[in-house]
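Thank you all for coming; I would like to take a few minutes to walk through some side-chain interactions in one structure. Please have the sequence and the model open as we go.

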Amino acid sequence: MVQKATRLGGRSRTGRPLGHATRGTTNPNRMRRVDRWMTGPQGWRLRPAVTGAPPIAVDLGYGASPATAVEFFERVRAVSPQAMVFGIEIEPERVARGTALDVDGLEFRLGGFEIPVSSPVTVIRAFNVLRQYDEADVAGIWDTMCSRLTENGVLIEGTCDEIGRRSSWVAVTRDGPQSLSISLRFGAFTLPSDVAERLPKALIHRNIEGERIHDFLRAADAAWLAAAPLASFGNKQRFVAMCRTLRATGWPICDSAARWRLGEMTVRWEAVAPRTGALAHAG
């Protein structure tokens with residue numbers, strides 16, 4: 001029998017995990033893009049000199065198969081060999097599948113948004129988890145998970161397609177949401193706005209006239225189309241030109257050409273945040 005879970009953020013007074021079970025669908029290497037960002041531009045968070053102790057990383061809601069949690073462990077350990085990684089799921093059957101793969105530094109546990117780990121956490125990756133919730137739930141869920149973070153910790157909450165070609169995620173710290181990242185595989189999109197169906201829950205219903213995320217995606221599409229003459233030099237050069245145009249026209253793009261060549265860009269949260277609601281002024 002599946003153990004039921006309480007619905008939203010906060011602390012469960014019953015001791016049961018907080019949240020609902022996801023559909024559980026997953027595929028190997030689906031999270032490669034977000035993990036590359038986590039261990040690359042965000043890899044500094046995992047260094048013992050920053051954490052003051054071996055860092056703890058959590059893969060929340062890894063799904064019916066523990067494959068992506070094992071990949072997460074391998075990628076975290078590649079940049080932080082002393083890190084402890086936890087795969088957390090809300091269904092006992094899924095935890096049992098993971099437990100069979102426990103090794104030194106990797107442990108699977110039953111839990112939800114409360115993050116059942118005794119020490120503060122450096123990184124929480126929660127992908128394709130919040131899609132089933134209401135937008136109004138997001139702020140409370142973020143707050144609950146971020147209450148478990150270290151001072152320099154980060155929650156990476158986002159969505160991707162079934163094989164990880166189109167991804168987006170929000171970086172959230174104890175101070176609130178900081179940025180939105182978009183990652184697209186070249187050849188898997190016509191316009192940058194194709195990522196719209198894979199926006200995080202906080203933004204997916206905001207891609208309408210009058211909202212910042214809609215304005216941003218329209219500006220990205222226009223810059224991508226304007227850079228069409230560079231297509232003969234390859235999509236990498238075209239994407240770089242698009243990002244440079246966005247930055248030149250006032251969009252706070254955070255990263256550099258080295259990352260743009262991967263089909264990825266990060267923009268400050270305030271530039272895309274909802275105009276109304278609990279997340280309008282966060283960050």
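I will go through salt bridges, then aromatic rings, and then the surroundings of two individual residues.

Please keep in mind throughout that what you are looking at is a predicted model.

Let me begin with the charged side chains. As a general matter, side chains of opposite charge can pair when their charged atoms come close. How many salt bridges does a search of the whole structure find? The search returns 20 of them, and I will pick out a few.

One of these joins Asp-35 to Arg-75, with 2.8 Å between the closest N and O atoms. Because Asp-35 belongs to helix H1, residues 32-39, and Arg-75 to helix H3, residues 67-79, this pair ties together parts of the chain that are 40 residues apart in sequence. As for the surroundings of the two partners, Asp-35 is buried, at 1% relative accessibility, while Arg-75, at 22%, counts as partly exposed.

Another salt bridge links Glu-264 and Arg-36, and here the closest N and O atoms are 2.5 Å apart. Glu-264 lies in strand S8, residues 264-268, and Arg-36 in helix H1, so that this pair ties together parts separated by 228 residues in sequence. Is Glu-264 buried or exposed? With a relative accessibility of 1%, Glu-264 counts as buried, whereas Arg-36 is partly exposed, having a relative accessible area of 35%.

A further example is the salt bridge between Glu-107 and Arg-109, whose closest N and O atoms are 2.7 Å apart. Both residues fall into the partly exposed class, Glu-107 with a relative accessible area of 25% and Arg-109 at 27% relative accessibility. Beyond such individual pairs, there is a network in which Arg-33, Arg-36, Asp-255, Arg-259 and Glu-264 are joined by salt bridges that share partners.

Let me turn now to the aromatic rings. The structure holds 10 aromatic pairs, and one of them is formed by Phe-186 and Phe-189, whose ring centres are 6.3 Å apart and whose planes meet at 40°, which makes the pair tilted. Phe-186 is partly exposed, at 23% relative accessibility, while Phe-189 is buried, with a relative accessible area of 11%. These two phenylalanines also belong to one aromatic cluster, together with Trp-224 and Phe-239. What sits over the ring of Trp-224? It is the charged end of Arg-238, placed 4.0 Å from the ring centre.

Trp-224 also leads us to Met-242, since Trp-224 appears among the contacts of that methionine. Met-242 is located in helix H8, residues 235-248, and it is buried, with a relative accessible area of 0%. Setting aside neighbours within four places in sequence, Met-242 is in contact with Pro-192, Ala-220, Ala-223, Trp-224 and Met-265. For a sense of distance, Met-242 and Ala-228 are 14 residues apart in sequence, and their C-alpha atoms are 9.5 Å apart in space.

The last residue I would like to show is Ser-179, which is found in strand S7, residues 176-184, and which counts as buried at 7% relative accessibility. Again leaving aside neighbours within four places in sequence, Ser-179 is in contact with Trp-169, Val-170 and Ala-171, and also with Thr-266, Val-267, Arg-268 and Trp-269.

That is where I will stop, and I am glad to take questions.

Methods: Residues are numbered from 1 along each chain as its sequence is written. This is a predicted model: local features need pLDDT of at least 70, side-chain atom pairs count only at pLDDT 80 or more; totals for chains, interfaces and linings use all residues. Side-chain values use heavy atoms; hydrogens and water are left out. A salt bridge is a side-chain nitrogen of Lys or Arg within 4 Å of a carboxyl oxygen of Asp or Glu. Helices (H or I, at least four residues) and strands (E, at least two) are DSSP runs, numbered from the N terminus. Buried means under 20% relative accessible area, exposed over 50%, partly exposed in between (1.4 Å probe, protein chains only). Rings of Phe, Tyr and Trp (its six-membered ring) pair if their centres lie within 6.5 Å; planes under 30 degrees apart count as stacked, over 60 as edge-to-face and the rest as tilted. A charge sits over a ring if NZ of Lys or CZ of Arg is within 6 Å of the ring centre and within 35 degrees of the ring normal. Contact means heavy atoms within 4.5 Å.
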